[in-house]
Amino acid sequence: MYNTFKSIISKQGQNVKGSIVKYMQSVIKYETPNADTILAIQEADALKNDPNKKVYSSFDEVLEELGDDE
């Protein structure tokens, strides 16, 4: 597998180490949530654990409540 990868990378004028480092950086970039995502996760966790949160038994109930605001 390594030799096949090396052959492909070499044909593209790149080196193996540089390609592996770029791949690892992309994995880190896409697997690490940004600040907005972290805040959204924290908000969702807080809502899940809030005993006073509004709970709906159906989507129709949500729509009814939204319709009351108009």
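## Helix α3 and its ends

N49 sits in helix α3; helices here are DSSP runs of H or I with at least four residues, numbered from the N terminus. This is a predicted model, in which local features need pLDDT of at least 70 and side-chain atom pairs count only at pLDDT 80 or more, while totals for chains, interfaces and linings use all residues. Residues are numbered from 1 along each chain as its sequence is written, and side-chain values use heavy atoms, with hydrogens and water left out.

N49 counts as exposed because its relative accessible area is 61%; the classes are buried under 20%, exposed over 50% and partly exposed in between, with a 1.4 Å probe and protein chains only. Its side chain also reaches back to the backbone oxygen of D45, at 3.0 Å. At the N-terminal end of α3 you will find N34 as a cap, with a side-chain oxygen 3.2 Å from the backbone nitrogen of D36. The length of the helix agrees with expectation, since the 15 residues of α3 should span 21 Å at 1.5 Å a residue and the end C-alpha atoms are 21 Å apart. That expected span is 1.5 Å times one less than the number of residues.

## Two salt bridges

Side chains of opposite charge can pair when their charged atoms come close. The structure holds two salt bridges, a term that calls for a side-chain nitrogen of Lys or Arg within 4 Å of a carboxyl oxygen of Asp or Glu. One of them joins D45 to K48, with the closest N and O atoms 3.7 Å apart. These partners are separated by about one helical turn, because D45 and K48 are three residues apart in helix α3 (residues 35-49). D45 is partly exposed at a relative accessible area of 35%, whereas K48 counts as exposed at 58%.

The side chains of K54 and E65 also meet in a salt bridge, at 3.5 Å from N to O. This pair links distant parts of the chain, with K54 in the loop between α3 and α4 and E65 in helix α4, 11 residues apart. K54 counts as exposed, at 52% relative accessibility, and E65 as partly exposed, at 33%.

## Helix α2 and the buried S19

Now for α2, where the arithmetic works out as well: its 16 residues should span 22 Å at 1.5 Å a residue, and the end C-alpha atoms are 22 Å apart, so the two values agree. At the start of α2, a side-chain oxygen of N15 comes to within 3.4 Å of the backbone nitrogen of K17.

S19 is found in this helix, α2, and is buried, with a relative accessible area of 10%. The S19 side chain makes a polar contact with the side chain of Q14 at 3.1 Å. Such a contact is a pair of N or O atoms within 3.5 Å; within protein, one must be able to donate a hydrogen and the other to accept it, and residues adjacent in sequence count only if both atoms are side-chain atoms. Setting aside neighbours within four places in sequence, S19 is in contact (heavy atoms within 4.5 Å) with F5, I9 and Q14.

## A nonpolar surface patch

F5, I20, V21, Y23, M24 and V27 make a nonpolar surface patch of about 510 Å². Patches are built from residues with over 30% relative accessible area and no salt bridge, joining like charges within 9 Å and nonpolar side chains (Val, Leu, Ile, Met, Phe, Trp, Tyr) within 5 Å; the areas come from the Shrake-Rupley method with a 1.4 Å probe, and for residues only the protein chains shown count as cover. Helix α2 (residues 16-31) gives the largest share of this patch, five residues.

V21 lies in α2 and counts as partly exposed, at 32% relative accessibility. V27 belongs to α2 too, and is partly exposed at 33%.

## Distances across the model

How far apart are the C-alpha atoms of V27 and Y56? They are separated by 38 Å, with their positions 29 residues apart along the chain. F59 lies in helix α4 (residues 59-68) and counts as exposed, at 59% relative accessibility. From C-alpha to C-alpha, F59 and S26 are 39 Å apart in space and 33 residues apart in sequence.

Conventions: Helix = DSSP H or I, 4+ residues; strand = E, 2+ residues; numbered from the N terminus.
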